[in-house]
Amino acid sequence: MKQVISYWRNSLADVERMNLDYDKLKRGAVKVQLTDLERGTLPEAVIEALFPKDSESVETPAEQVMEVLLCPIVAVIKTSHSAARGRGVKQITPLWVPALLDREGRLLPKTKGYPWIPRDYLVPCPLDVEPLGTMEQQDGFLSSHSLPDEGGWPAYWRYVKEYFQTVTGCGLDHFEHPGFVKAEGACVLPEKVQKGAGQKILELYDDLLTKDRLPDLLARFSSLEDREIEALLGDTEAILRSQDHLAQMNHSHSLSDSQRETLQHFFTLGDGEILAVNGPPGTGKTTLLQSVISSLWVDAAVRGGEPPVIVVSSTNNQAVTNVIVSFGQAQTQQDDGLAGRWLPRVHSYGLYLSSASKEAAPAFQTMFNGTKPGFFDGLETLEYAAEAEGCYLKAYERYAKQSAGEVKQAVDCLHRQLQDMVSSIKNLTEAYAAYTRCRQELERAYPGGLEQELVRLSGELGEWKVKEEQGKELLRAWTAHQLKAPWYYGLSKYKFFPFTLIRAKKELYDRIFFLDRGCAGIGKAEEFSAYLARTAAETEAAIAGLLREQAQAVAAWERLEALEAAWRDGCGKREIRPDAFLSELDTKLRYEAFLVATHYWEGRWLMEVKEQLENSYKESPVPYKKQKLWRRHAKLTPCLVSTLYMVPAFFSAWKEKTVPLYDFIDLLIIDEAGQVSPEIGGAAFALAKKALVVGDTLQIDPVWGIPKKLDYSNLIMHGLGRSEKEADDLLSLGFSASSGSVMAVAQRASRYRKYEDLKGMYLSEHRRCVPEIIAYCNELAYKGRLQPKRQGITDHPLPPMGYAHIPGAAVRSAGSLGNEVEAETIVQWIQDHGRQLLDYYNKDAPKGLRMPRIGDILAVVTPFARQRQILLQRMNAAGLEGITVGTVHALQGAERHIVLFSPVYDSSMPASYFFDSGPNMLNVAVSRAKDSFLVFGDMGILNPESQKPSGLLARYLFAEESNEIKNITYPARAQRVLLEPARHIRDLEGHRQALRFGIENCREKVCIVSPFLSSEAIEADGIHLLVSEASAAGKQVFVYTDERMNQHAGQPKSHFLRGRELLVQSGAQVILAERIHNKTLCVDHSILVEGSFNWLSARRNPNDPWCRYETSLLYQGRGVEEMIQEVLSDLEKRIVVRV
C-alpha cells in the first residue's frame, strides 16, 4: 500500500511541476533568445546569473551541472482582449522543457526529461483560455515517440519541436494564439519545487511515508485488492437500521426508496470502511448527505458528548459551493418557535474552509487558513456572547412557553425533549420492524394469506366434523343392527354343522347392512368394526391437527394485530399516519428532532464560548486544542466544507513540527467523486475514520494532470508494474493519476453492490428533468435504472428535446473551434424570445420567487472554449448579461430550465466529434436541462444510424417533426456581394406564395428541399396540381427529402407515403437523401430561399401555434447562383435513391 502512496505523492509532484505559475517564477528567470535554446549553448551572462557567485563553493564535479527549466515562449494578453478573454489569465507559457546546464553553458538532455505543455491548455481544460491542443494528441505523440537515446542536444531539441508541432499544430518559431501576443525572447530558470495548490497534500504524503503503519481508512482506500462483497440488508434488517436515521433537515420531502436504502447501509459502516454511492444527476445526493450529517449530529446530541466532525470535500469549487448553498438553504418558513436559528448572524449549517487568498462570500460562513479573520472570529467575543445569550433565551421562551434563568437550564430541557423524540423514533421504528417481520413471516408461512388460511382451516374442520358425526351415526346404526339380529345369530361363532348355516345367514344379514351403508368392500362384522375404529381414529387425529393449525393461525393473527396495534398506537401519539409512516416520520418527527438538536448544540456552544472567554482561554495549534476547536465549531456548523487541497492544511496541528490529525475526522464525504483524481483525494482519507464517497463515473471525468506515458513510467518506478503493458492493465483499478478517480477506487473498496455490474449503492429516483429528457440519459448511460418522478409539461413553449438547424461553418483557432453563425443565431434567438420565456416561468410564481433574468432560466453549453468566447462577445454586444456560457464543466452540479447546446462542428468535417469519445459529455449536457434541451447547430453532423452518443441524440431529436425549433432568425448568408439584400419571409402566407411562385414561374427547374413530407400539406396547397402543370410545360421539379425523418418506430409514416405518391404521379422527381435538414427552395439559378419552413409538411392552418414561428430568408441577385450550386452540391453527396 505504501507503494501506492509513494506513487500518488510523486504523481502529484509531477502535476504540480507541470502546471507552473510563471508569475511566481519569473523573478528567477533569465532572458535568452530562442536561437540560444535551439543551438544548445547559453551566453556567459546567463551562466553567471544562474550559477552561484562563489565558485569556491563548488566542490564536486556533480555540482558543475544544474537542473533548469526552459520556457521557449511567453505570450501576454492583448490589451483589446483583456476584458473578454482568460478570466484574469494575463500570460501563458505554452511549453516547458526540462534540461541540464553545465558551467560551460552547454544544455544537455535530462534522463526521462519529457517536455510538456501545461495541462491547463489541453482539452479538456479547466481554464477558459482557448486550448493549444488535446490530451489525446499529447498521449498519442508520447506513446509513439520515445526520447532520443543518441544525438545529444540537437536530437532532443528536434524531439521538442516535433512534440509541440504535433500537439498544437504550430511551430515554436511561429506561435500564435487568439487574444495573446508572443513576447520577445525566451527564458531559462533553475528547476525548483514550486509551492502550488497541492503542496499541503504533498507534505501529508511525505509524513505518511515515514510511518510504519498507514491509518486504517487510507489503508483500505489505497489497497489494490477489491473488498469482498456482502449481501444487501434484508427488509426487516434494513428497517431496524433506520433506528439510526434520527434526523431530517427538510420538512418538505421525505427520502426516496433508494436514498433510504443507501442511508440504512451507511449506518452499518465501521471505522476504516468506505461506502460508494452512485448518484446520477437529479437523484438527491444533497438530500442524502443532509440526512447522514443531521442524523450523526442528533445522535451525538442525545448521547450528550461532543459533536462529530464531518468534512465534505471535492476538488472543484463548484461542487464545494453547491454543498455550502444547500446547507444554507436547509431552513424552514414555518413559525413554530423551532424554526430558524436562535443565535444572531448564524444562518447556515455549513462552514466553508477557505484559503486565505480568497475573499469571503457574503452568503457563506467562511473560515480561513492562517490568521485571516473568519466567521467564528466575529462570534467568539464577549460582546457577541452577551447578545447571543439574550437572543437564545428569548427564543427558548417563545418556543417552550416558559422562561429559563440560564442557558444551561434551556439546554437541559431541550436535551430531555430530544431524548424523548429519539426514543420515539427508535421505538416506532422497532415496532414497525416487528410488525413488518411478523407480516413477512406470515406471508411466507401462508402464501395465500392468513385470512384465507383461516377460512380454509375452518372449512376443512367443518368437513371433518361432519365426517366425525357421520362416523358416530354409523356406529349407532351398527349397534342397533346388531341388537335387532335374531338371538341364534350368536351361535354363528361355532364352526361345525349346523352352526355354519347360521354363520352364513348372519354374514348375509350383515352384508346387506354394509351394502346399504356404501361399504361394499367389507364382508365381515370384524372388518367393519375395525373400519369404524380406524375411521374414528383418523377423524379424531385430523380434527386435532386442524385445531392445532387453527390455534396457531389465530395466535399469529392476534400477534400480528397486537404488533400492528402497538405500532399504530405509537404513530397516533406522534400524529403520524400509518399509511404514510416512512414519509411522515421523516418530515415530522425526524425533522423536529433536527431542529431541537440544533438549538441544543447552539446552547452548548454558547456555554463553552462563555466559559472560555471568562477563563481567558488561549487558542493554540497544539493537537488537542485544534481538535477542541473543531468540535466547538461543529456545534454550530455540522458540515465543514473544503476543497481537497485545503483539507490537510486545516486538519493539522503543530508540535515542534506540522502534525496531521490522523483518524480525527469522524466522517469524510467526497462529493462529485467521479471528478476527483485519486492522487489528490487519497491524502484526505488518512485524516478520517470512515468515508462516504458520492459521485457518478458517467458524468465529467477528472482533469488528469499527467500524460499516460509519464504515468506508466511512475507506475513502473514504484514497482506497480514491470512494463507498460502491466501498467496499462492496472489502469482498470481506477487508482492511476492519468485515468482513475476517487469514485472508481471507492467502488472497489465498498462491501455492498446494488447491481451486478456496479459496486456501491445506487440512487435511482430522478426528479430534475422531465421524462422525455432523462429518457435519453437513461438509454445512453444508465441502463434504464433511473426512475423519472417528474411529470411532463403539456403547455411548455419548447419541445423537451429540440433542435434548430444552423448551417454554419466551424473554424479552428489554436487548439479550439468556433462557429460564428451558430453563435450569432443563438444570441439572436435568446434576444427574440427571452421575454416570452421569462413571462412563462414567472406567470404563476410567487413574487419572491420570480426569476428576473433570462440567465436564471437558460444556459448555453458548448464543447469548445473558442465558441464560449465568441458567444460571450456576442452576448455582451447584445446586452445579455448573467447567462452561464461554457463547457459542461460550467454547469456540473447545476441546472437550468432550458439548456442550449452549441456543437460547433459542421457537416463538412470528419464524423469524429469530441463529444462522442464516450457518454459522459452529452450525458452531462443533456441532464442539466430540467424542461428543454435544444441543439442549435448543423444537424448534418448528427447521424441517426450511428451507435455513438450523438447518433442516439439524433434519434431523440428527429423522432417528431414538432421537435424542430421554428422561430429562428438566421443570419444572412452573408457577407457575399449581392445586388439585393436578403428579404425576410415571416408568415405562413408568405411561404405559400414563395412556393407557388417558384413552381409556376421557374424557367427550367425548381428544387424543393423538405426533410419532411406530408400529404396533408401537399393537398392543402394543391402543390401536386402545380407540379403536374409545371411538368406538362417541360419544367423539372426536384424534391429532396429524408426517408429516416419520415418514419415512426422504424416504419414510414402513412402521410409520407401518400405525399410521395402524389408528387411522383404529378411528375416530380422525389430524391431520398440522408441527414438533410435545410429547408430550401431553389428557383433556377436566380432565387434561393432558406429558413425554418418545411415546404412540403408544415401545417397549413394559420391558427396553429407552430405556424407563427416560420421564418426564411430570400436571396436574389449576383452571387445567388454560387450559393445555389453549394446547396445542390451538398445534396448530391447525400442522395440515397431517386424515386
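Mentor: Domain bounds come from an automatic or database domain assignment. Keep in mind that this model is predicted.

Trainee: Which stretches does the assignment give to domain 2 of the chain?
Mentor: The assignment lists domain 1 (21–193), domain 3 (451–552), domain 4 (769–844 + 852–973) and domain 5 (980–1138). Domain 2 is written as several stretches joined by plus signs. These are 214–414 + 603–704 + 740–765.

Trainee: How far apart are the C-alpha centres of domain 4 and domain 5?
Mentor: Take the centre of the C-alpha atoms in domain 4, then the one in domain 5. The distance between these two centres is 27 Å.

Trainee: How many residues does domain 5 bring to its contact with domain 4?
Mentor: Contact here means heavy atoms within 4.5 Å. Domain 4 supplies 28 residues. From domain 5, the number is 27.

Trainee: How much area do domain 4 and domain 5 bury between them?
Mentor: Carbon and sulfur atoms carry 49% of the buried area. The total between domain 4 and domain 5 is about 2400 Å².

Trainee: Which residue meets K1079 in a salt bridge?
Mentor: Across the interface of domain 4 and domain 5, two salt bridges are found. For K1079, the N to O distance is 1.9 Å. The cut-off is 4 Å, so this pair counts as a salt bridge. The partner is E964.

Trainee: How many residue pairs are in polar contact between domain 4 and domain 5?
Mentor: A count needs both residues at pLDDT 80 or more. The side of domain 4 that touches domain 5 has 13 nonpolar, eight polar and seven charged residues. That describes residue types, while the count of pairs in polar contact is eight.

Trainee: Which residues does UniProt list for "domain: Phospholipase D-like"?
Mentor: The name comes from an unreviewed UniProt entry. In the model, the span is 32% helix and 32% strand, and its end C-alpha atoms lie 12 Å apart. The listed residues are 999–1095.

Trainee: What is the phi of R345?
Mentor: R345 sits in the loop between helix 12 (317–328) and strand 13 (350–354). This residue is not a glycine, yet its phi is positive. The value is about 65°.

Trainee: Where is D663 placed?
Mentor: D663 is another residue other than glycine with a positive phi, near 60°. Look for strand 17 (658–660) and strand 18 (667–670). D663 is in the loop between strand 17 and strand 18.

Trainee: Which side chain joins that of R790 in a polar contact of 2.9 Å?
Mentor: R790 lies in the loop between strand 22 (787–788) and strand 23 (801–805). Its contacts beyond four places in sequence include H766, R767, K930 and D931. The R790 side chain reaches K930 at the backbone oxygen, at 2.9 Å. The side-chain partner is D931.

Trainee: How far apart in space are R790 and R767?
Mentor: In sequence, R790 and R767 are 23 residues apart. In space, C-alpha to C-alpha, the distance is 5.6 Å.

Trainee: Why does the pair of D206 and R9 tie together parts of the chain, and how many residues apart are they in sequence?
Mentor: The model has 62 salt bridges by the rule used. One of them joins the side chains of D206 and R9 at 2.7 Å, N to O. D206 lies in helix 7 (residues 199–208) and R9 in helix 1 (residues 2–18), so the pair ties together parts whose separation in sequence, in residues, is 197.

How values were computed:
Residues numbered from 1 in each chain as written. Predicted model: local features only at pLDDT ≥ 70, side-chain atom pairs only at ≥ 80, totals over all residues. Heavy atoms only, no water. Buried area = accessible area lost by both parts, 1.4 Å probe. Polar contact = N/O pair within 3.5 Å; in protein donor to acceptor, adjacent residues only side chain to side chain. Nonpolar A, V, L, I, M, F, W, Y, C, P; charged D, E, K, R; others polar. UniProt positions renumbered as here; feature names shortened; annotations may be inferred. Helix = DSSP H or I, 4+ residues; strand = E, 2+ residues; numbered from the N terminus.
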